[in-house]
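Visitor: I should like to learn how the features of a structure are read. May we look at one together, beginning with a single residue?

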Amino acid sequence: MDAVAAFTDTYLPTVNGVTYTVKTWRDTWLARGGRMDVVYPGSDDYGPDDGEFPVRSLPFPFYEGFRLGMPRIPDDVENVDVVHAHTPFALGLSGLRLARREDLPFVTSYHTPTGEYAAYLTSITSVEDRLEGLSERYERWFFDHADTIITPSAVSKRYLLDTVGVDAEVTVISNGVDIDRFSPVDAAAFREKYDLSGLLVGYTGRHGFEKCLGDVVDAVAEADIDATLVFGGDGPARESLEQRAENRGVDARFLGFLPREELSAFYSSLDAFLFPSPVETQGLVALEANACGTPVVGVDSGALADTVDDGVTGYHFAAGDVEGFAAALRRTLAERERLRANCLDRREQISVDHAVDELADIYERVR
């Protein structure tokens with residue numbers, strides 16, 4: 001199999017969708033006998049395994065948990081067949097430099113619509129709009145150097161082609177989930193540990209303001225259901241979510257970051273997973289929930305328009321429509337047994353093994 005050098009601006013110990021994808025693709029690639037080196041921003045909180053190469057990094061002041069890696073190519077990254085950049089920024093530039101220097105195929109992945117995060121840098125609308133425009137122009141320049149761009153959904157492919165305006169080839173490959181790790185389990189012990197009972201609905205992941213998680217609280221309140229709202233994860237929006245739940249009279253529990261080995265039990269304990277974020281390029285947590293048999297109530301915007309199969313693995317609602325969110329939640333709960341069976345029937349289709357099969361075909365094609 002090919003020897004691949006992967007460059008990413010986010011990796012362990014930070015836990016997010018990009019980290020998860022890079023790590024699971026690497027683990028699967030290695031298990032098949034291949035080699036996939038990973039170059040990432042170093043942190044004192046994570047010791048690298050063989051083939052993982054940290055570079056010096058600094059905290060990014062505008063986004064908690066993110067670090068800026070210095071754009072360099074470690075000397076030990078050599079004799080590779082394909083360069084794969086999972087970012088257009090600092091370490092992505094290192095990957096591009098390596099591909100040019102060694103005349104190697106250059107593959108990129110589009111994980112995050114960076115223009116959507118301009119609000120983190122400024123609250124001035126005119127400045128935010130200009131930052132979004134600059135970001136899109138830069139992305140267009142970077143991605144047009146790729147032999148192919150991988151996006152995790154058709155929506156993100158259309159965004160790259162129509163909004164960013166790239167000319168390079170774009171291929172859709174789902175990030176996939178580890179269906180051995182994410183599978184339905186008996187959640188009784190999890191419920192007992194966290195003192196949870198009855199009907200449960202919830203979300204896990206980063207509590208970022210861009211994810212519109214306040215709509216979750218409002219929808220549960222509007223749905224008028226006897227249920228507990230459970231949040232896993234953490235982030236800058238947590239305090240406002242706690243206050244919002246108190247103001248709306250919603251029984252909400254905030255569990256904080258959960259050990260990865262508890263996530264299947266978390267998903268399995270829920271009767272519905274709630275996901276209002278319009279900024280996802282795929283929304284891996286929705287696929288993880290489905291792999292555990294939990295239907296998803298997701299916004300009909302961004303990648304979730306594709307990730308959630310309406311009426312099959314969950315239901316959609318229009319962005320910002322809290323009453324529609326509440327109605328979709330009630331319908332999902334009413335049909336949860338049928339939806340659960342559909343989710344379990346589709347486990348193989350959303351597996352990381354299936355994703356890596358397609359990734360291998362991409363690498364073979366560009367060589």
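Guide: Let us begin with Asp-103, which is exposed, with a relative accessible area of 70%. Please keep in mind throughout that this is a predicted model.

Visitor: Where is the place of Asp-103?

Guide: Asp-103 lies in the loop between H2 and strand E7 (106–109). Helix H2 is followed directly by this residue.

Visitor: What is the phi of Asp-103?

Guide: Asp-103 has a positive phi of about 55 degrees, although it is not a glycine. Cys-212 offers another case, for its phi is near 55 degrees, again a positive value in a residue other than glycine.

Visitor: Where is Cys-212 placed, and is this residue exposed, partly exposed or buried?

Guide: Cys-212 belongs to the loop between strand E10 (199–204) and helix H6 (214–223). With a relative accessible area of 29%, Cys-212 is partly exposed; the partly exposed class runs between 20% and 50%.

Visitor: How does one judge the length of a helix such as H2?

Guide: One sets the distance between the end C-alpha atoms beside an expected span. At 1.5 Å a residue, the 13 residues of helix H2 (residues 90–102) should span 18 Å, and the end C-alpha atoms are 19 Å apart, which agrees. The buried residues of H2 include Ala-90, Leu-91, Gly-92 and Leu-98.

Visitor: What does H1 reach from its first C-alpha to its last?

Guide: Helix H1 has 15 residues and reaches 21 Å, close to the 21 Å expected at 1.5 Å a residue.

Visitor: How many of the residues of H1 are buried?

Guide: Eleven of the 15 residues are buried, so H1 is largely enclosed by the rest of the structure. Among them are Val-18, Tyr-20, Lys-23, Trp-25, Arg-26 and Trp-29.

Visitor: How should the packing of two helices be described?

Guide: Two packed helices are described by the angle between their axes and the distance between the axes. Here, the axes of helix H1 (residues 17–31) and helix H13 (residues 352–366) come within 10 Å and cross at roughly 75 degrees. The two helices are therefore roughly perpendicular to each other, since angles of 65 to 115 degrees count as such.

Visitor: Which residues of H1 meet H13?

Guide: From H1, the residues are Thr-24, Trp-25, Thr-28 and Trp-29. They meet Val-352, Asp-353, Ala-355, Val-356, Leu-359, Ala-360 and Tyr-363 in H13. The residues of this contact divide into eight nonpolar, two polar and one charged.

Visitor: What is the peptide bond from Leu-12 to Pro-13, cis or trans?

Guide: The omega angle is what one reads. For the bond from Leu-12 to Pro-13, omega is near 10 degrees, and the bond is cis. Pro-13 is found in the loop between strand E1 (3–7) and H1.

Visitor: With which residues is Ile-173 in contact, leaving aside its neighbours within four places in sequence?

Guide: Ile-173 is in contact with Ile-150, Thr-151, Pro-152, Ala-355, Glu-358, Leu-359 and Ile-362. Of these, Ala-355 and Leu-359 also take part in the contact of H13 with H1. Ile-173 itself lies in the loop between strand E9 (170–172) and helix H5 (188–193), and is buried, with a relative accessible area of 2%.

Visitor: How far apart are Ile-173 and Asp-357 in sequence and in space?

Guide: They are 184 residues apart in sequence and 9.8 Å apart in space, C-alpha to C-alpha. For Pro-259 and Arg-26, the separation is 233 residues along the chain and 21 Å between C-alpha atoms. Pro-259 is in the loop between strand E12 (252–256) and H8, and counts as partly exposed at 33% relative accessibility.

Visitor: Is Leu-263 buried or exposed?

Guide: Leu-263 is buried, with a relative accessible area of 8%. This residue is found in helix H8 (residues 263–269). Neighbours within four places in sequence are left aside, but Leu-258 is counted, and Leu-263 is in contact with Phe-182, Thr-204 and Leu-258.

Visitor: Which residues does UniProt list for the domain?

Guide: An unreviewed UniProt entry lists residues 199–341 for "domain: Glycosyl transferase family". In the model, the end C-alpha atoms of residues 199–341 lie 18 Å apart, and the span is 41% helix and 20% strand.

Key: Residues numbered from 1 in each chain as written. Predicted model: local features only at pLDDT ≥ 70, side-chain atom pairs only at ≥ 80, totals over all residues. Heavy atoms only, no water. Axes fitted to C-alpha atoms, helices over the stretch in contact; angles between N-to-C directions. Helix = DSSP H or I, 4+ residues; strand = E, 2+ residues; numbered from the N terminus. Parallel < 35°, antiparallel > 145°, perpendicular 65-115°, else oblique. Contact = heavy atoms within 4.5 Å. Nonpolar A, V, L, I, M, F, W, Y, C, P; charged D, E, K, R; others polar. UniProt positions renumbered as here; feature names shortened; annotations may be inferred. Expected span 1.5 Å × (residues − 1). Buried < 20%, exposed > 50% of the residue type's maximum accessible area, 1.4 Å probe, protein only.
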